[in-house]
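The exercises below ask you to read a ligand site and several strand pairings from a structure, working one step at a time. Please keep the sequence and the structure open beside you as you follow each solution.

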Amino acid sequence: MSYYEIQGGRPLGGTLAIHGAKNSVLPILAACLLAPGQSVIHNCPDLSDVSVTLDILRLLGCRADREGDTVLIDASALGRSDIPEHLMREMRSSVIFLGALLARLGTAELSYPGGCELGPRPIDLHLSALRTLGAEIWEEQGALCCCRGQGGLSGREICLSIPSVGATENIMLAACGCPGLTTVVGAAREPEIIDLQNFLRSLGAEVKGAGTPVIAIQGGASLHPAEYRVMGDRIAAATYLCGAAAAGGEVELTGVLPDHLTAVLTCLEEAGCTIHTGPDRIALAGGPSLRSISPVRTAPYPGFPTDAQAVLMAALAGGEGATLFVENIFDSRYRHVDELRRMGADIQVAGRAAMVSGVGRLHGAAVRSPDLRGGAALVVAALGAEGTTQVSGLRHIRRGYQALDKNLRALGADIREVP
Ligand code: UD1
């Protein structure tokens, strides 16, 4: 089983271009189904979640080719609407195909989705929204079947009780195929929703309001393929920044918008890092040691992102003083804590709260990635730790980070993959 071997304590330095956003590109690739013809997606990261998505598109009858960081999707020959369990199990966000298939073909059949184990991750909001738009949804032999109801699909108002990112995206895709006006009230406001809106507009869809709690989609128009560049990955950027904060040194990240990371940058500055930003770049200089900061409470955007909770915790665990974390989005999102403790971290968990008492410096250990962001957190911890850390469970990390080891090596880290 392969693992990363990391010699900690080497300050990072240099410039790194951040890859395209995983959480943008997945719904954008599903959205390619809406328009017959070939769409061209630039800045498409090479991640295992993207490979699974391309496999799903091929299985449905699309052509999907990669040329470097550009992916070409031709959805002209879309012929199937069922996604087998082995592909659905690979990735929870494949539920996004429900809305896209419903819009284009009026039918979809999926097994329940897999993905990171972050406690119960229901899809009730997705299903009730699609029913409101006129879909009939039922379960048959472990599969979720969905088709246009007798009255057909039509635009409606949908109120979300939680600003779910995935449900908002699924509704936006489905609504493109629903004649009339769909309004999503209580929509998620994440930057990835704006990226999806921009892509849908480039296909010719009438969508507005992304980035605010109310999104309006005028559906039913026929869409055409488009060429589009995916935004930079704010969570990958947060990971490299936390790595530099833990290890010390100075790094500059390009291809990422500082506005997308305000909550994370505020925490890193409070912890003693110096940050400078330009229109699409962020530079961070780490201090000698990180200090404790005000409580970090995860929240929907623009609050502190749950996806950056583990990497910031890993950095602060090797700093000084006590910081309280409160995880408000997912249950079971402290699975990295036991692994960080193997590296000497002092972290007490009580329900949604975790009290991190900085120990000055962590030490190397053999640890295992519990999930995608938890795995990245172990790498961050290892960069600042004394001695050698082996991080296994790389399949989790590869879901969301392209060439993490190579990029960190380019920044001066001592990290290698042991096959
Ligand atoms: C997306 C991101 C993920 C990120 C999360 C929160 C993608 C591919 N993934 O996940 O990286 O951590 O947003 O920013 O973009 N919920 C329900 N019922 C539903 C749907 C969600 O109760 O039908 C709950 C969830 O259990 C969770 C909360 O809503 O507690 C937020 O989940 P959601 O925003 O939907 O996350 P994802 O779209 O799955």
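A polar contact is here a pair of N or O atoms within 3.5 Å. Bear in mind throughout that the model is predicted.

**Exercise 1. Work out which polar atoms of the protein lie within 3.5 Å of N or O atoms of the ligand, taking aspartate 124, leucine 125 and asparagine 23 in turn.**

Step 1. Begin with aspartate 124, where a polar side-chain atom is placed 2.8 Å from a nitrogen atom of the ligand, a distance that satisfies the cut-off of 3.5 Å.

Step 2. Continue with leucine 125, which takes part through its backbone, since an N or O atom of that backbone is 2.7 Å from an oxygen atom of the ligand.

Step 3. Finish with asparagine 23, whose side chain has an N or O atom 3.0 Å from an oxygen atom of the ligand.

Step 4. Add the cover to this picture: of the 740 Å² of accessible area that the ligand has on its own, the protein covers 85%.

**Exercise 2. Describe the shell around the ligand by its residues, its helices and its domains.**

Step 1. Count the residues that surround the ligand, of which there are 19, the closest being Leu125, Ser164, Val165, Asp307 and Ile329.

Step 2. Sort the shell by chemical character, which gives 8 nonpolar, 6 polar and 5 charged residues.

Step 3. Assign the shell to helices: helix H5 (124-132) and helix H6 (165-176) each contribute at least two residues, and H5 provides the largest share, with 3 residues.

Step 4. Turn to the domains, and note that domain 1 (3-18 + 232-418) and domain 2 (22-229) each give at least three residues to the shell.

**Exercise 3. Determine which strands stand at the edges of the open sheet with the order E2-E15-E17-E16.**

Step 1. Take the sheet as a whole, an open one of 4 strands with mixed pairing.

Step 2. Look for strands with a single partner: strand E2 (12-17) and strand E16 (274-278) are in this position at the edges, so one side of each has no neighbour in the sheet.

Step 3. Include the twist, which averages 10° from one strand to the next.

Step 4. Examine one pairing in detail, that of strand E15 (residues 249-254) with strand E17 (residues 281-285), which is antiparallel and extends over 5 bridges; within it, glutamate 252 has alanine 283 of E17 as its bridge partner.

**Exercise 4. For the open sheet with the order E22-E23-E1-E24, find the sense in which E23 pairs with E22 and with E1.**

Step 1. Establish the setting, in which 4 strands form the sheet with mixed pairing; strand E22 (366-368) and strand E24 (414-418) each have a single partner strand, so one side of each is left without a neighbour in the sheet.

Step 2. Follow E22 to strand E23 (residues 388-392), to which 3 bridges join it in a parallel arrangement. Valine 367 stands opposite valine 391 in E23, while arginine 368 has serine 392 as its bridge partner.

Step 3. Compare this with strand E1 (residues 3-7), which pairs with E23 in the antiparallel sense over 5 bridges, and in which tyrosine 4 stands opposite valine 391.

Step 4. Complete the description with the twist from one strand to the next, which averages 20° in this sheet.

How values were computed
Residues are numbered from 1 along each chain as its sequence is written. This is a predicted model: local features need pLDDT of at least 70, side-chain atom pairs count only at pLDDT 80 or more; totals for chains, interfaces and linings use all residues. Side-chain values use heavy atoms; hydrogens and water are left out. A residue is near a molecule or strand if one of its heavy atoms lies within 4 Å of it. A polar contact is a pair of N or O atoms within 3.5 Å; within protein, one must be able to donate a hydrogen and the other to accept it, and residues adjacent in sequence count only if both atoms are side-chain atoms. Accessible areas come from the Shrake-Rupley method with a 1.4 Å probe; for residues, only the protein chains shown count as cover. Ala, Val, Leu, Ile, Met, Phe, Trp, Tyr, Cys and Pro count as nonpolar, Asp, Glu, Lys and Arg as charged, and the others, Gly among them, as polar. Domain bounds come from an automatic or database domain assignment. Two strands pair if DSSP finds at least two bridges between them. Axes are lines fitted to C-alpha atoms, for helices over the stretch in contact, and angles run from 0 to 180 degrees between N-to-C directions.
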